[in-house]
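Student: I am new to this structure and would like a close look at one part of it. Could you walk me through the surroundings of ligand 1?

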Amino acid sequence: MTMWNDGVAIKEQVELAPGIYRMELFAPELVAQAKPGQFVNLYCRDKSRLLPRPISICDAIVETGRLVLIYAVVGKGTEELSAMGEGDTIRVMGPLGNGFPLEAATEAKEIFLVGGGLGMPPMLFLAKALSDKPLKIFLGFRSQPWMGQEFEPWGEVMGSSDDGTYGCKGTVIDAMNLYLQHADLAARRVLYACGPIPMMRAIQQWQQGQNLETWFSLEERMGCGFGACAGCPAKLRMPDGSVIQKGVCKLGPVFPGEDVIFS
Amino acid sequence: MTMWNDGVAIKEQVELAPGIYRMELFAPELVAQAKPGQFVNLYCRDKSRLLPRPISICDAIVETGRLVLIYAVVGKGTEELSAMGEGDTIRVMGPLGNGFPLEAATEAKEIFLVGGGLGMPPMLFLAKALSDKPLKIFLGFRSQPWMGQEFEPWGEVMGSSDDGTYGCKGTVIDAMNLYLQHADLAARRVLYACGPIPMMRAIQQWQQGQNLETWFSLEERMGCGFGACAGCPAKLRMPDGSVIQKGVCKLGPVFPGEDVIFS
Amino acid sequence: MSKTMAVSFCGMEMKNPITTASGTFNPQAHSQFFDLNRLGAVTVKGVAKEPWPGNPTPRIAETYGGMLNSVGLMNPGIDAFIKDDLEFLKQFDTKVIVNTAGRTLEDYVEVSRRLAETEVDLVELNISCPNVKEGGVTFGTDAHMVEKVVRAVKKNTRQPLIVKLSPNVTDIVEIARAAESAGADALSLINTLLGMRIDVYKRKPVLAQKVGGFSGPAVKPVAVRMVYQVHKACSIPILAMGGIYTGEDAAEFIMAGATMVATGTANLIEPDAPVRVLDELEAFMEKTGVQDINEIRGIIE
Amino acid sequence: MSKTMAVSFCGMEMKNPITTASGTFNPQAHSQFFDLNRLGAVTVKGVAKEPWPGNPTPRIAETYGGMLNSVGLMNPGIDAFIKDDLEFLKQFDTKVIVNTAGRTLEDYVEVSRRLAETEVDLVELNISCPNVKEGGVTFGTDAHMVEKVVRAVKKNTRQPLIVKLSPNVTDIVEIARAAESAGADALSLINTLLGMRIDVYKRKPVLAQKVGGFSGPAVKPVAVRMVYQVHKACSIPILAMGGIYTGEDAAEFIMAGATMVATGTANLIEPDAPVRVLDELEAFMEKTGVQDINEIRGIIE
Ligand SMILES: Cc1cc2nc3c(=O)[nH]c(=O)nc-3n(C[C@H](O)[C@H](O)[C@H](O)COP(=O)(O)OP(=O)(O)OC[C@H]3O[C@@H](n4cnc5c(N)ncnc54)[C@H](O)[C@@H]3O)c2cc1C
Ligand SMILES: Cc1cc2nc3c(=O)[nH]c(=O)nc-3n(C[C@H](O)[C@H](O)[C@H](O)COP(=O)(O)OP(=O)(O)OC[C@H]3O[C@@H](n4cnc5c(N)ncnc54)[C@H](O)[C@@H]3O)c2cc1C
Ligand SMILES: Cc1cc2nc3c(=O)[nH]c(=O)nc-3n(C[C@H](O)[C@H](O)[C@H](O)COP(=O)(O)O)c2cc1C
Ligand SMILES: Cc1cc2nc3c(=O)[nH]c(=O)nc-3n(C[C@H](O)[C@H](O)[C@H](O)COP(=O)(O)O)c2cc1C
Ligand code: FES
Ligand code: FES
């Protein structure tokens, strides 16, 4: 059941890095149902801004009922969110979407989690859920990291950054190649990724010929977030070559990486 | 100079009666200039509501820099205001308008202040300003009063209410007639009034043939409140019979009572 | 309180005047959030004779107090629609209004014929979608074309025919009269205004399609004005929409002359908007002493 | 930062592209709040050959993200205007644009003739006011009428002639082309949309005049779309307005093709809006590496 609540309490908000915030909400019912890769809709208080702000679930802590979100201020809506703090309440809908297929990891010899930029937060929740599996976690930043240590309890973390400030210099692809130099290339792997389109497009090319199953979490502009407006289709190429569309909000945001058509 | 400040601090807000609020703001510069009968524009935080909410100055206390406003919740804007409290800030423009002509009171033998309903608050500021004069203060309510005692230090207060709960049963006209039974009818009087249109229309009729100069404070829907949009004309009949228009916000809100044409 | 909410629309008894605006309501998605039985009718997304893929993304943009969409009548085609949505809706006791899309006159006729074989209660002919190049709005902005399309479709429609009008016209009354004279049983208005938003940082339109349909609370003043004008000029009933968000908004349109009203954009933001609006409308009647909703229809002079 | 903000408009050099929209700016009232010298131009309220009393009150209503007005071109007449406003404006170093109103073709011609004798820099012909019965919008929604009026006025106008267009039309491009072909030197758009609001408690329209002109941030998507369409179709410069509230809004219209932009409703709510928008526009240029405002005009394809 999707929850929809007007008065969700903000328990904490901190600025992790300039313009990047971590918000904790108290939402026990929502948290109880949340799965990695799902997202929530946040709504602005200022009613000149009506559409939802979809934000991925970074963590959902059943014991405390806490929902953790990490987001960047990119426009007026996220600016408004960033000005809120403990004691404020906010309208939240969720969990939304299907999230990452955890079953896919069952048979794999190794699991890659790849997060780039603001695609990183949802990988934390996924890392926790798959922590009993052999996780290799690749995190890509432009420069200074604002996240990373949180992942260490759950798997081996390998960083990368455009300028070499964090981990290897280059992209997550470089980091993965580096790792694979000393690994069994033939082993069955599953890769879950969330990040900017160029990163995912690069992974899609890179995966060709590898024994690798990929799952990408996509973003799209949304009107509703729950499957009512037909605003958010992803284009997918089917095995027979035909192209179909599936709503990112309801049938995604995670899709088989090879099928995704980036426009 | 009209002040225009985005961050005026709310110092106190109390609900005087169901749906009627008294708000104190800290606005020393504005307060220093304020005159009775002037008003301020309050602006909503929620930017789906753009136009100003004009509210009369109920009191402006120079010593403390406090601006006192009393208003009723009638729609979404005043509802929003009523939810604010100490620690919140609000955008305020003012003082606006010309206010009551105090000079008019100089020669008069007796001064009537007449306030009806939400027209009462500005009469308090006026009462204080004219407290050295012989003030007769007529306050009209529907039923239970939510103001009245504040006026007592400044003049003789005579109440009225539609149902007789407060003062004489009837309107301010009845209260004035009652008072005049034992007064010198020929004496020169000045009357300042603010209240609902039916009250002011009644005063206008009632004043005919009396030695009475009246000043009415009017309301009109406003687009700007400072004379820029031509949205708020009052219609006035000139001695020569012609009809002219004057902006309530800039040239009012107070006009000679006999001249006002109520549509 | 228990007010009389039932209205008669095209000779059909509706439980209450509230329905959903086409394209902003998905039976399965919304039924998670409220009981569809409570609505006078549900109106579903525009359906064409074949599946349409719609326009490229981004298809959605936010604007001040409203939104733009360029979904472009993406739909699964009439066959899938009958199999899925219509089948799903059978379990509910509410009237079903189906919005139809087409690129040519023949397209519209074909969908109407197919719908004639179904239990659908009313057909809403969308000749006003700003998001498709052929058909859609080109039919809806010229009075002669409106007459032609409506006449042809009417002949092939078993159900009462509602014609949905575009607000992007100089004279809405002229268009409304054309539809009425061609046999429309009712009029729906307004469809979306045509709008655009530019991302000044990316230096390109936010929508891939550049322009899109503008809806939401921001557009309400235009919608109220048009409903008022059309009500004065025509005698067929009106299904009104355009920015309805509260019970008072619904009352505003009914006072302007609407028999039924639909929540649109509101359904995307508050998924139970239709029933909230219904409850608020009833509360408004209670507060203002209206016993029967039919008392206030068109009372504005 | 120091950016090149100057633009050339109708052969005239403007300090910067910012002006005020007619009817939302009063020279004396606004000069309390900011230095008028900072603006590229100021545009003053529509003036007619004689004083007009305007419409009955209420003339103003708030709407979601916008407002309605039915001021109805209340104005003191050309004589008083020349004596008061124009005299007052002489002290400032900014171009003066005068908006003209009329009920008949002759009215417009007459005002233009009178203005020809003054130092006014540009004339903006308002054939698009929705608030007057005769003249105003009736001239502005029919391409033939537009041509006729513009041609006649142009002949009698010494200054460059800007023609202000109504958005309440099916095809803005057709109207814009008519004005251009009749000799307009520039186009202003958009004037207000036609809107209505009903007070459901009083059961009557909020405006005494029932309908009024709808403006403010809510209408911006319609305005951007029209400026974009007209810029693609015409070659005379555009003075754009409709919901501009921020520097980014100004940039949006310039990218859509406007040479100058005006703040309207914003001036009523934040009296220093024009200079705030100017500062924000300069900051936007700094942030996105634009040296000269002319670089970004019409860059949207
Ligand atoms: C499934 C999903 C998960 C996301 N998870 C995160 C996350 O965990 N952390 C994070 O920082 N960001 C995330 N985003 C992006 C985030 O939704 C946008 O950055 C945010 O909505 C911007 O809002 P704004 O008001 O600040 O920006 P504005 O540009 O002012 O927003 C205007 C409109 O565009 C929409 N919009 C703007 N950017 C995007 C975008 N990139 N994707 C979708 N809609 C957008 C807004 O929702 C709003 O409707 C996610 C997006 C999606 C679709
Ligand atoms: C000069 C002046 C002084 C005033 N002083 C007081 C006062 O001291 N105390 C008090 O309670 N009220 C006063 N009012 C009335 C007060 O401005 C309105 O009650 C208030 O604006 C309503 O806002 P709302 O958002 O709650 O109502 P809504 O009806 O939602 O407001 C919608 C719009 O209509 C305008 N509006 C609504 N009612 C009025 C009205 N009666 N007069 C003018 N504009 C209106 C609002 O400003 C807003 O722009 C005064 C009005 C004027 C013109
Ligand atoms: C996302 C979206 C999709 C729409 N699709 C359709 C459609 O398929 N057919 C149609 O006639 N109208 C469609 N509309 C228009 C709405 O039905 C309605 O007329 C319009 O949005 C105005 O109402 P509102 O302001 O309440 O949204 C759509 C609107 C939106 C926002
Ligand atoms: C109160 C008011 C009065 C106006 N008077 C005029 C006028 O006299 N002449 C004119 O051409 N436009 C007039 N307009 C229209 C504005 O100039 C402008 O075109 C319109 O408001 C859109 O811009 P905005 O959304 O920024 O306000 C008026 C608008 C308002 C709000
Ligand atoms: S955002 Fe509405 S269907 Fe996905
Ligand atoms: S409210 Fe704008 S001139 Fe008075």
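Tutor: Here is a walk around ligand 1, from its position to its contacts and then to the domains beside it.

A word on the model and its labels comes before the details. This is a predicted model, in which local features need pLDDT of at least 70 and side-chain atom pairs count only at pLDDT 80 or more, while totals for chains, interfaces and linings use all residues. Residues are numbered from 1 along each chain as its sequence is written, chains are lettered from A and ligands numbered from 1 in the order in which they are written, and side-chain values use heavy atoms, with hydrogens and water left out.

Let's begin with position. Ligand 1 sits between chains A and C. Around ligand 1 there are 21 residues, where a residue counts as near if one of its heavy atoms lies within 4 Å. The closest are R53(A), P54(A), G77(A), T78(A) and R221(A). By type, the shell divides into 11 nonpolar, 4 polar and 6 charged residues; here Ala, Val, Leu, Ile, Met, Phe, Trp, Tyr, Cys and Pro count as nonpolar, Asp, Glu, Lys and Arg as charged, and the others, Gly among them, as polar.

Next come the polar contacts, meaning pairs of N or O atoms within 3.5 Å. R221(A) has a side-chain N or O atom 2.7 Å from an oxygen atom of ligand 1. The side chain of E219(A) places an N or O atom 2.9 Å from a nitrogen atom of the ligand. From I70(A), a backbone N or O atom lies 3.0 Å from a nitrogen atom of ligand 1. Taken alone, ligand 1 exposes 820 Å², and the protein buries 88% of that, with areas from the Shrake-Rupley method and a 1.4 Å probe.

Which elements give two or more residues to the shell? They are β4 (53-56), β6 (66-72) and α2 (76-82) of chain A, helices being DSSP runs (H or I) of at least four residues and strands (E) of at least two, numbered from the N terminus. β4(A) gives the most, with 4 residues.

Finally, step back to the domains of chain A, whose bounds come from an automatic or database domain assignment. Domain 1 (3-96) and domain 2 (102-261) of chain A both give residues to the shell, so ligand 1 lies between them. Their centres, taken over C-alpha atoms, are 22 Å apart. In contact (heavy atoms within 4.5 Å) are 23 residues of domain 1 and 18 residues of domain 2 of chain A.

Notes: A polar contact is a pair of N or O atoms within 3.5 Å; within protein, one must be able to donate a hydrogen and the other to accept it, and residues adjacent in sequence count only if both atoms are side-chain atoms.
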